Amino acid sequence: MTTYNELAGFRVNYVSTDPTLNSGNEGQVWYNSTSGTLKSLVQIKAWAAGGNMGTARRELAGAGTQTEGLAFGGYTTTGVNNTEEYNGSSWSVGGNLSTARYGIGGAGSQTAGLGFGGYATANSNATEEYNGSAWTAGGNLGTARNYIDGAGIQTSALAFGGETTVVVANTEEYDGSTWTAGGNLANVRRTAGGAGTQTAGLAFGGYTGTTSTATTEEYDGSAWTAGGNLNTARSGLGGCGIQTAGLAFGGETTVNTGATEEYNGTSWSNTTSMTTARNALSSAGTQKLALASGGTAGGNTAATEEFTSSIDVTTAAAWASGGNMGTTRRAMGGAGTQTAGLALAGYSTNYVNDTEEYDGSAWTAGGSLAQQKTNPGGAGTQTAGLCFGGYLGLTATNSSETQEYDGSAWTTTGNLGTARDQPSNAGTQTAGLGFGGYTTAVTNATEEYNGSTWTAGGNMGTARTNLGGCGLQTAALGFGGQTPTTTAVTEEYDGSAWTAGGNLNTAREALGGSGLQTAGIAFGGLATVATGATEQYDGTSWTNTTSMSTARRDFADAGNSSSSLVGGGYIAANTNATEEFTVGFVTTTASNLTTS
């Protein structure tokens, strides 16, 4: 088998703590010896669709963040005063601008927004302030203009560029009530991108009056100086972020573009393009979490897109050893979770009625069942467990007995309608489900428990015994088993009827299961020989994942959709060994990758 060293050219690092998340680690794989997990690091950058705006329009302004966005003004077939607020998934109507206009500049947040300039029936110098519900008049700009750009917050904003009768370089600073002149841009421009603050601003791209430009300028509170050029010269683009971590997206070259670039304070680098190429759009957010909405893409659009740049640390699925059971045995029932598990009954050198409780590291003795049996169904939790059916070896009969556990003792309750050996199970102590098993033959019968009595449910499509199960009484999963041949068949229960699901990749019986109908885990069992195969179900199909360390069958099983527990069972002989499974997962954080 090809090793990681042969594929990647280096070995997997063996470390006691995770490495610093920086560009030197991107794409790396390492083993954390403290947690006993294999991990890898990938940076994900992508645009994804958000909810459409209520009003399709172009030449609008934006403010706020990706999850608290603001869009206002713009042009449909005329200038509009519409305001919309974004909550991270959908837009809702906000208070209208006092003056309908397009080519307007924007700054601030969803609850403290600022709109200035633009074109109404002529170029405007009007400023309006938003409080989260309504706009009120602020101080007028010194120079009326449209296609103006902005940055900063409501009480400390920056307005630059735009067009009067010609494209201008004017800069103005707002203090929450009054605009004053700041240092002029070195390059005249309109419909540029803007980012940053009043004392650390960023202007990039735009239209000079004759052509689209790639130039970037940085503002220090009094003067503009040259920064690194965009890779794609364009106008009508969106921009957000800060002076040392800016984002430029969309715009127009000679045609619309979805090009997206990131600025590090010195230079721009290309990243994932927008799904919809467009210009004259609104923008909000940060370099890592941006929001783009509206604009023109051959016609006015209401489309919204969200940009996310994140670090994904992938932790591989893994099985690890746990504490040994007190009694070596097989053919048990199980319930609970990986850190609060329950193992009950089984066969050691004879039939037993022992109960053991697991706390995530060690097993301790619990209260004994009323009868010695093997292969009962088990459901519920460590402090509210359920045990039903099974085989009474001392009398050589199938059992219909049901018992409930309170964390210390078992109490006998209502019997199953049909005595059966090797039933499978799902649900809780007060909403349990028993299905399949063996009566005088393999059965497809299903029964539902309400905390005191059992009633008939819908029959399984495939009669079988010794199958795996998980989920809830109204959303259960049954898989594998013996028909009498070993099967891979999976079925889903909706509280009244079973329907076919995707087959297991490995047909087997005497296996374990945990999780939900849409996030199930199947593990171990008997194929032609004992197997440690582990599979995860997504509501449609099973996917293979990391196998158990020791192949085995007829064990106690417990867990949920993110972790599983195996206690005892049969390998080449009865065992008391325990294994714990942790599902592989991705931890996503806002990207902090640094240049090394």
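**A four-stranded sheet and an enclosed cavity**

Strand β48 (residues 534–537) is joined to β49 by 4 bridges, with the two running antiparallel. Strands here are DSSP runs of E, at least two residues long, numbered from the N terminus, and two of them pair if DSSP finds at least two bridges between them. Within this pair, Gln536 has Thr543 of β49 as its bridge partner. The model is a predicted one, so to speak of local features takes pLDDT of at least 70, and side-chain atom pairs count only at pLDDT 80 or more, while totals for chains, interfaces and linings use all residues. Residues are numbered from 1 along each chain as its sequence is written, and side-chain values use heavy atoms, with hydrogens and water left out.

Both strands belong to an open sheet of 4 strands, ordered β46-β47-β48-β49 with antiparallel pairing. At its edges sit β46 (512–516) and β49 (542–545), each pairing on one side only. On average, neighbouring strands of the sheet are turned by 20 degrees against each other, direction ignored (axes are lines fitted to C-alpha atoms, with angles from 0 to 180 degrees between N-to-C directions).

As for empty space, the structure holds 1 cavity of 30 Å³ or more, a cavity being a set of points on a 1 Å grid over the protein atoms alone where a 1.4 Å probe fits but cannot get out. The largest cavity has about 260 Å³ of space, the volume being that filled by probe spheres set on the points, which are joined across faces, edges and corners. Its lining counts 21 residues, with Met332, Pro423, Leu467, Leu511 and Phe555 nearest the centre; lining residues have an atom within 4 Å of a point. At least two lining residues come from each of β28 (333–336), β38 (424–427) and β42 (468–472).

Technical notes. On a 1 Å grid over the protein atoms alone, a cavity is a set of points where a 1.4 Å probe fits but cannot get out, and a pocket is an open set with protein on both sides within 12 Å along at least five of seven lines; lining residues have an atom within 4 Å of a point.
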